[in-house]
Amino acid sequence: MENLFKGTTICAVKRNGKTVVCGDGQVTMQQSVIFKSNAVKVRRIYNDQVIIGFAGSVADAFSLSERFEEMLNKFSGNLMKSAVELASLWRMDKALRKLEAMLIVADKEKLLIISGMGDVIEPQDDVCAIGSGGNYALSAAKALMQNTDLSAREIATKSLMIASEICVFTNSNLVVEEI
């Protein structure tokens with residue numbers, strides 16, 4: 001049976017030594033019902049040194065974020081090594097391969113996307129977004145990065161607000177974490 005709970009938007013922006021990950025709070029059931037509007041899909045892990053945001057199936061995203069945190073502990077907080085090891089596990093493990101989720105992970109230096117196919121992607125232009133409203137938020141963030149002097153926090157939050165006006169699976173109840 002297909003997972004019933006989906007829908008979110010996560011946007012991350014890195015600018016002027018700050019990295020911000022921002023996510024909305026909507027959980028949608030069966031593509032037609034807003035099941036919850038204040039879910040927290042952005043949080044700090046690894047002694048508050050890493051920010052993680054997830055999109056996709058809620059249970060799958062929690063499973064992946066827990067495994068990612070295990071990797072951070074195993075590799076002493078090395079974000080890239082932890083992401084690559086998680087992606088490697090993701091591709092080889094039959095149970096993990098069925099998980100429908102994506103992660104954005106960030107620390108003081110790096111910003112990465114871990115895709116649902118087990119890929120690790122370092123975003124171009126220090127901005128990325130995932131989830132059902134991800135393309136809307138990404139477009140807005142890129143435009144704001146190129147045409148304004150706004151802070152990373154302002155760009156991430158404005159981008160999510162724009163996505164919430166266009167995407168029915170995104171709301172304006174935001175959780176923002178900055179590192």
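This passage describes helix H4, a nonpolar surface patch and several salt bridges in a predicted model.

Helix H4 comprises the 14 residues 134-147, which at 1.5 Å a residue should span 20 Å, and its end C-alpha atoms, 20 Å apart, agree with that expectation. The buried residues of the helix are Gly 134, Ala 137, Ala 140, Ala 141, Leu 144 and Met 145; seen down the helix axis, these fall within an arc of 135°, so they line one face of H4. Their cover includes strand E2 (9-15), strand E11 (127-131) and helix H5 (152-166), whereas the face turned away from the buried side carries the exposed residues Asn 135, Ser 139, Gln 146 and Asn 147.

A nonpolar patch on the surface is formed by Tyr 136, Ile 162 and Ile 166, which together have about 260 Å² of accessible area. Of these residues, Ile 166 is found in helix H5 and, at 47% relative accessibility, counts as partly exposed.

The count of salt bridges comes to 7. Among them, Arg 44 pairs with Glu 177, the closest N and O atoms being 2.7 Å apart; because Arg 44 lies in strand E6 and Glu 177 in strand E12, this pair ties together parts that are 133 residues apart in sequence. Within helix H2, a salt bridge joins Glu 85 and Lys 81 (3.3 Å, N to O), residues that are 4 apart and hence separated by about one helical turn. Glu 178 and Arg 153 also meet through their side chains (3.1 Å, N to O), and, since Glu 178 lies in strand E12 and Arg 153 in helix H5, the pair ties together parts that are 25 residues apart in sequence. Salt bridges with shared partners join Lys 18, Arg 153 and Glu 178 into one network.

Technical notes: Residues numbered from 1 in each chain as written. Predicted model: local features only at pLDDT ≥ 70, side-chain atom pairs only at ≥ 80, totals over all residues. Heavy atoms only, no water. Helix = DSSP H or I, 4+ residues; strand = E, 2+ residues; numbered from the N terminus. Expected span 1.5 Å × (residues − 1). Buried < 20%, exposed > 50% of the residue type's maximum accessible area, 1.4 Å probe, protein only. Arc of directions from axis to C-beta. Contact = heavy atoms within 4.5 Å. Patch = residues over 30% accessible without salt bridge, like charges linked within 9 Å, V, L, I, M, F, W, Y side chains within 5 Å. Areas by Shrake-Rupley, 256 points an atom, 1.4 Å probe, with all protein chains shown as cover. Salt bridge = Lys/Arg side-chain N within 4 Å of Asp/Glu carboxyl O.
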